[in-house]
Amino acid sequence: MIADPFVQLRLLDLQGIDTALNQLAHRRRTLPELATIADCDRRAAEVRAQLVEAETQVADLAGEQRRLEADIDTVRQRADKDQARMTSAGVPAKEISGLQHEVASLSRRQGVLEDELLELMESRETADASVSEFSGAMAVINTERSAAEAARDEVFAEIDDAIGKRGIQRGELAGTIPADLLALYDKVREANGGVGAAMLRQRRCEGCRIELSGSELSAVRAAKMDQVVRCENCRRILVRTDESGL
Ligand SMILES: [Zn+2]
């Protein structure tokens, strides 16, 4: 391929812009805030599961509490009714004895139910405390995530602005490079970790850092300045300058 030596030099400027664009894209992908957000999401998922579990437990205990309270109410009403019957006039002695027996039994039953209720209310207190604890933890994580998001968005805006400006520069510069040379540069760049053109400095390819010698060096020395030469080792476009040491 043939290209004006001055045009070949512009490939190094283009490479500089592309390297900067790559660095910006890398910085955008690897912002520490992104790791913080991912960590918040992971922790939030864990805490949310614990919160749901605690809330379910509270709901179950509340249902159980209502059931016990209704049972206690039923037992108490029955005992009240028995008491009223016993004190009313003209009740046969045999029935009174039966009622006394039933009232004693209801009283024992009420005691058992009330003990159960007390125990249940203690469990409820523990479960309520868990809900508060996990809700608080969620709030802390959400605050941390929001702060990381805000910081991320601020840096994103900065990076995107820089990418936009570099993109315009690249467009302008690429427009001055012949299509065939630009296509070669882009192809080589994509295949070689983002570096398509490298300066030949002191007989060393700046792309792969290998020093040219022997027949390769002779060939580059013999090549006309408008000939596009490539590194035999890394295949990048070698741009010759005053510093090439030829
Ligand atoms: Zn090389």
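**View 1. Residues 37-85, the span that UniProt annotates as a coiled-coil region.** In this predicted model, residues 37-85 carry the label "coiled-coil region" in an unreviewed UniProt entry. The span is 100% helix and 0% strand. Its end C-alpha atoms lie 71 Å apart.

**View 2. Residues 14-193, listed by UniProt as a CT398-like coiled coil hairpin.** The name "domain: CT398-like coiled coil hairpin" is given to residues 14-193 in the unreviewed UniProt entry. Helix makes up 93% of this span and strand 0%. The C-alpha atoms at the two ends of residues 14-193 are 15 Å apart.

**View 3. H101 in helix α3.** Helix α3 runs over residues 93-174 and includes H101. The relative accessibility of H101 is 61%, so this residue counts as exposed. Along the chain, 139 residues separate H101 from R240. The C-alpha atoms of H101 and R240 are 114 Å apart in the model.

**View 4. Residues 204-238, listed by UniProt as a C4-type zinc ribbon.** The unreviewed UniProt entry gives residues 204-238 as "domain: C4-type zinc ribbon". Within residues 204-238 the chain is 26% helix and 17% strand. The C-alpha atoms at the ends of this span are separated by 10 Å.

**View 5. The order of helices and strands in the whole chain.** The protein has five helices and four strands. From the start of the sequence to its end, these elements follow the pattern α-α-α-α-β-β-α-β-β. The protein is more spread out than a compact globule, because its radius of gyration is 42 Å, well over the 18 Å that the globule rule gives for 246 residues. The C-alpha trace spans about 135 × 35 × 25 Å along the principal axes of the protein.

**View 6. Burial, contacts and surface of the protein.** Of the 246 residues in the protein, 33% are buried. Among contacts with a separation of 6 or more, 77% are between residues 24 or more positions apart. The exposed area of the protein is about 14800 Å², and carbon and sulfur atoms supply 52% of this area.

**View 7. Positive and negative charges of the protein.** The protein has 34 positive and 44 negative charges. The mean position of the positive charges and that of the negative charges are 8 Å apart.

Conventions
Residues numbered from 1 in each chain as written. Predicted model: local features only at pLDDT ≥ 70, side-chain atom pairs only at ≥ 80, totals over all residues. Heavy atoms only, no water. Rg over C-alpha atoms; globule rule 2.2 N^0.38 Å. Buried < 20%, exposed > 50% of the residue type's maximum accessible area, 1.4 Å probe, protein only. Contact = heavy atoms within 4.5 Å. Areas by Shrake-Rupley, 256 points an atom, 1.4 Å probe, with all protein chains shown as cover. Lys, Arg positive; Asp, Glu negative; His and termini not counted. Charge placed at Lys NZ, Arg CZ, Asp CG, Glu CD. UniProt positions renumbered as here; feature names shortened; annotations may be inferred.
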